[in-house]
Amino acid sequence: YNDTGDGGNASGIVYSKSGYIVTNDHIYAEIASPKFKIYTSDGKEYDAEYVAGDKISDLAVLKVKNAELTPATFGNSDEVFYGQNVVAIGRPNGAENESTITNGIVSSVNERVQNATNYSARLIQTNCAINPGNSGGALVDMYGQVVGVTASKLAGTVYDNVGYAIPTTVMKRI
């Protein structure tokens, strides 16, 4: 959000106990002088600072100070396979609503996808529903490990649940 009332909703993943949160870079691209608020699943609210963002990878890092957050458990996205059961976790309806979980499978691994900045990346394709506000949320395997950061989807009447996630091996490197 900003002082003029512009804002948006996205999801994020707690990366470390010290308050670092990973999300998508595109979530604030259209908002001048953005500020960040974090709403946790236990009903707490925190101000967050922008640390860094990268348009090419579509990853950003926020930092919450003086908060005791439980970091996610991250898996190895290089071990993800076709047909593997996964769930997407996020808040598609805004901060005032509960987080949602949608289930599906890994439809493709290392799928070459071009993003809005004309950069192409190899992403995990899933048929989990990824709706506006889910961006930056977790794609989780059946062991409870985050294997991807949900980033985008194909939209239109000819597409049905074609979503993409940035692999955790890429996220950790960035």
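Contact here means heavy atoms within 4.5 Å. The structure is a predicted model, and by that contact rule isoleucine 13 is a convenient place to enter it. Leaving aside neighbours within four places in sequence, isoleucine 13 is in contact with Tyr20, Ile21, Val22, Ala72, Phe74, Gly136, Gly137, Ala138, Val146, Gly148 and Val149. Isoleucine 13 also belongs to the largest nonpolar core, which has 17 residues. Within that core, Ile13, Leu59, Val146, Val149, Ile166 and Met171 touch the most other members. Four elements each supply at least two residues of this core: strand 9 (138-141), strand 10 (146-154), strand 11 (162-167) and helix 1 (168-173). Another core lies apart from the one just described; it has twelve residues, including Phe36, Ile38, Ala67 and Leu69.

The next topic is the strands. Five of them make an open sheet in the order 1-2-5-4-3, with antiparallel pairing. Strand 1 (13-14) and strand 3 are the edge strands, each pairing on one side only. Strand 1 pairs with strand 2 in the antiparallel sense over two bridges, and valine 22 in strand 2 is the bridge partner of isoleucine 13. At the other edge, strand 3 and strand 4 pair in the antiparallel sense over four bridges. In this pairing, phenylalanine 36 stands opposite alanine 48 of strand 4. Strands 3 and 4 form a hairpin with five residues between them. Glycine 43, in the turn, has a positive phi of about 90 degrees.

Strand 3 has two faces. Phe36 and Ile38 point to one face and are buried, while Lys37 and Tyr39 point to the other and are not buried. The two faces can be followed in turn, beginning with that of Phe36.

Phenylalanine 36 has a relative accessible area of 11% and is therefore buried, since the limit for that class is under 20%. Phe36 is one of the members of the twelve-residue core, and together with Tyr28 and Tyr50 it forms one aromatic cluster. A pair of aromatic rings is described by the distance of the centres and the angle of the planes. Ring centres within 6.5 Å make a pair, and by this rule the count comes to four aromatic pairs. In one of them, the rings of tyrosine 28 and tyrosine 50 have centres 5.5 Å apart and planes at 75 degrees, so the pair is edge-to-face. This pair links distant parts of the chain: tyrosine 28 is in the loop between strand 2 (20-24) and strand 3 (36-39), and tyrosine 50 is in strand 4 (residues 45-54), 22 residues apart. Tyrosine 28 is buried at 13% relative accessibility, whereas tyrosine 50 is partly exposed at 40%. Tyrosine 50 also pairs with phenylalanine 36; the centres are 6.4 Å apart and the planes at 20 degrees, so that pair is stacked. Phenylalanine 36 in strand 3 and tyrosine 50 in strand 4 are 14 residues apart.

Lysine 37 leads to the charged groups. Its relative accessible area is 30%, which makes lysine 37 partly exposed. The structure holds five salt bridges. In one of them, the side chains of lysine 37 and glutamate 45 meet at 3.5 Å, N to O; glutamate 45 is partly exposed at 46% relative accessibility. Lysine 37 forms another with aspartate 47, where the closest N and O atoms are 2.6 Å apart. Because lysine 37 lies in strand 3 and aspartate 47 in strand 4, the pair ties together parts that are ten residues apart in sequence. A further salt bridge joins lysine 65 and glutamate 49, with the closest N and O atoms 3.1 Å apart. Lysine 65 lies in the loop between strand 5 and strand 6 and glutamate 49 in strand 4, so this pair ties together parts that are 16 residues apart in sequence. Lysine 65 is partly exposed at 49%, and glutamate 49 is partly exposed at 42%. Through shared partners, salt bridges join Lys37, Glu45 and Asp47 into one network.

Two further sites complete the tour. The charged end of lysine 63 sits over the ring of tyrosine 20, 5.1 Å from the ring centre. Glutamine 84 is in the loop between strand 5 (59-64) and strand 6 (85-90). This glutamine 84 counts as buried, at 10% relative accessibility. Not counting residues up to four places away in sequence, glutamine 84 touches Glu79, Gly104, Ile105, Val106 and Asp141.

Notes. Residues numbered from 1 in each chain as written. Predicted model: local features only at pLDDT ≥ 70, side-chain atom pairs only at ≥ 80, totals over all residues. Heavy atoms only, no water. Phe/Tyr/Trp six-rings, centres within 6.5 Å; stacked < 30°, edge-to-face > 60°. Buried < 20%, exposed > 50% of the residue type's maximum accessible area, 1.4 Å probe, protein only. Lys NZ or Arg CZ within 6 Å of the ring centre and 35° of its normal. Pairing = 2+ DSSP bridges. Core = buried A, V, L, I, M, F, W, Y, C linked by side-chain atoms within 4.5 Å. Salt bridge = Lys/Arg side-chain N within 4 Å of Asp/Glu carboxyl O.
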